[in-house]
Amino acid sequence: MTDPSKNYVNGEWVTSETGETAEVTNPANPSEVVATYQKSNENDAAAAVDAAVAAEDEWRNTPGPERGRILREAGTLLAQRKDELTDILIAEEGKARPEAAGEVQRAIDIFHYFSTKAADLGGARKGASGPNTNLYTRQEPVGVAALITPWNYPIAIPAWKLAPALAAGNTVVLKPASIAPGVVVEIARALDEAGLPDGVLNVVTGPGSSVGSEFIANEGTDLVSFTGSSQVGEMVYEQATDAGKRVQTELGGKNPTLVADSADPAEAADIVANGGFGTTGQSCTACSRAIVHEDVYDDFVAELVDRAKSLDVGPGTDHEMGPQVSESELSSTLEYIDIAEGEGATLVAGGGVPEGEEVETGHFVEPTVFTDVDPDMRIAQEEVFGPVIAVIEVSDFDEGLAVANDVDYGLSASVVTDDHTEANRFVDEVEAGVVKVNDKTTGLELHVPFGGFKRSSSETWREQGDAGLDFYTIEKTVYDNY
């Protein structure tokens, strides 16, 4: 065991005033404590906000290219430590090694991408109606950004919030997920070594009920970005907007893949399995509904069951699918499996805890497939957040579209078809913020907008790319008469 990790506040590594710490355990072996972090309170969070407020003027007046240099150097430091960061992510969150390494690389790429964007920020010159007016706009930072990030992508999501916030000239307070904060601490370490001024980034670990709530309520914060469950996110949105703050939330999903009658069943099963079982189903964009035309239904189900049964489940260090992140997440998934059986769905693959010495103590669950699912069943309506796919049979494309849209969420959706007209209709008519053709619902490019419809998002601002920078900047219009 190493010494407890400290909070990063005003350029220093400090302990919480509570004197309390919290242990993080390995989800593949819960008896193994992998790290210990500060269990901070409201006063710790308030001190971090004070530091960010004090650093505002210096950072907003730092030239964009210099801000970009610091981000680029931090990305380079993260790249040099990629193997170490991957190991931390696997130990705390449980992802399979290829997934964990890919996520760390995504964070590195995000820092390098926004390092170049920092130099481009400024504004635009516009034509004026009079001859003696210089008319232009300026992009300016909003102020202090409060970032609250989840456990399921513990380095990628903090990176895609933090990098544009810093590139735009905002200072930041960040609360990582309590069960997987280690890689965020390492981001802070890299930025510190890269020369980030004191107080520009402040990382405080601890419960959302104390640290997160203080970040949202504190008068010193100006904007809030939250990723997590829809239930919590809606409370965050209400609290932040009541306080007059700019806010974005990215929340849950119940993501469909529509398999048309022209689809190849084997190809479609690969796409659905990758989208539904990848990252142990613990992605907000994971495919949890396969909506399948009756003409290919039986063949598709047989192919999908084969993929579910062939997946190698075990510790993320050397297996294809790792554990769920915690006992509570595993219990929730197993509860939904019981609910689905109770409602009359047919279990055709998985449905329980795998057997074997390597998996007997961890939070493991089998890749699970249900057929004979009615669109109104809870397994077809509610987010499970585990490797569970509900297969729904439909008679034609119109019915499939209607079923795809008949949920409270609208984050990601895909269609598998050889008919371009159907593909275009799906893109036009599906209610989702991310739409894919002949591809899995998971997986995002870092330079294009990301966000959802309905209960999947506040629908206020998008993340990533130029859209991400829009959230962290405010525009000023200047009429310069001479």
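Student: Let's start with one residue: in which helix does I108 lie?

Tutor: I108 sits in helix α4, residues 97-117. Keep in mind that this is a predicted model.

Student: Why is I108 called buried?

Tutor: Its relative accessible area is 2%. The cut-off for buried is under 20%, so at 2% I108 gets the label buried.

Student: Which residues is I108 in contact with, leaving aside neighbours within four places in sequence?

Tutor: I108 has contacts with G75, L78, A79 and K82. Take A79: the C-alpha atoms of I108 and A79 are 6.2 Å apart, although 29 residues separate the two along the chain.

Student: What about R69, where is its place?

Tutor: R69 belongs to helix α2, residues 64-80. Its C-alpha atom is 6.4 Å from that of S115, which is 46 residues away along the chain.

Student: Buried or exposed, or in between: how do you class R69?

Tutor: R69 has a relative accessible area of 33%. Buried needs under 20% and exposed needs over 50%, so 33% makes R69 partly exposed.

Student: And what makes A45 buried?

Tutor: A45, in helix α1 (residues 42-60), has a relative accessible area of 0%. That is under the 20% cut-off, so A45 is buried. Leaving out residues up to four places away in sequence, A45 touches V211, E214 and F215. The C-alpha atoms of A45 and S210 are 8.0 Å apart, with their places 165 residues apart along the chain.

Student: Where does Q324 lie?

Tutor: Q324 is in the loop between α10 (297-310) and α11 (327-342).

Student: How do you know whether to call Q324 buried or exposed?

Tutor: The relative accessible area of Q324 is 0%. With buried set at under 20%, we conclude that Q324 is buried. Setting aside neighbours within four places in sequence, Q324 has a list of contacts that includes P27, T280, Q282, H363, F385 and P387.

Student: What makes the phi of N438 worth a look?

Tutor: N438 has a positive phi of about 55 degrees, and N438 is not a glycine. You'll find N438 in the loop between β19 (434-437) and β20 (453-454). Its relative accessibility is 32%, which puts N438 among the partly exposed residues.

Student: What about the phi of K454?

Tutor: K454 also isn't a glycine, and its phi is positive, at about 55 degrees. K454 is in strand β20.

Student: Why does K454 count as partly exposed?

Tutor: K454 comes in at 28% relative accessibility. Partly exposed runs between the 20% and 50% cut-offs, so 28% earns K454 that label.

Student: Over to helix packing. How do the axes of helix α7 and helix α8 cross?

Tutor: The axes of α7 (residues 208-217) and α8 (residues 230-242) cross at roughly 35 degrees and come within 9 Å. From α7, S213, I216 and A217 make the contact, and from α8, V236, Q239 and A240 do.

Student: By class, what residues does the contact of α7 with α8 have?

Tutor: Four are nonpolar, two are polar and none is charged.

Student: Which residues touch the most other members of the largest nonpolar core?

Tutor: F111, L162, V172, L191 and L201 do, in a core of 60 residues. Helix α5 (residues 156-167) is the top contributor to this core, giving nine residues. The core also draws at least three residues from each of domain 1 (7-251 + 457-481) and domain 2 (255-437).

Student: What is F111 in contact with, leaving aside neighbours within four places in sequence?

Tutor: F111 contacts L71, G75, L78, A159, L162, A163, I187 and L191.

Student: How do you know how much area domain 1 and domain 2 bury between them?

Tutor: Buried area is the accessible area lost when two parts are put together, summed over both. For domain 1 and domain 2 that comes to about 1,700 Å², with 57% of it on carbon and sulfur atoms. P27, A28 and W151 supply 28% of the area that domain 1 buries against domain 2, more than any other three residues.

Student: How many residues of each domain are in contact?

Tutor: There are 20 from domain 1 and 24 from domain 2. The C-alpha centres of the two domains are 32 Å apart.

Notes
Residues are numbered from 1 along each chain as its sequence is written. This is a predicted model: local features need pLDDT of at least 70, side-chain atom pairs count only at pLDDT 80 or more; totals for chains, interfaces and linings use all residues. Side-chain values use heavy atoms; hydrogens and water are left out. Axes are lines fitted to C-alpha atoms, for helices over the stretch in contact, and angles run from 0 to 180 degrees between N-to-C directions. Helices (H or I, at least four residues) and strands (E, at least two) are DSSP runs, numbered from the N terminus. Contact means heavy atoms within 4.5 Å. Ala, Val, Leu, Ile, Met, Phe, Trp, Tyr, Cys and Pro count as nonpolar, Asp, Glu, Lys and Arg as charged, and the others, Gly among them, as polar. A nonpolar core is a set of buried Ala, Val, Leu, Ile, Met, Phe, Trp, Tyr and Cys residues joined through side-chain atoms within 4.5 Å. Buried means under 20% relative accessible area, exposed over 50%, partly exposed in between (1.4 Å probe, protein chains only). Domain bounds come from an automatic or database domain assignment. Buried area is the accessible area (1.4 Å probe) that two parts lose on being put together, summed over both.
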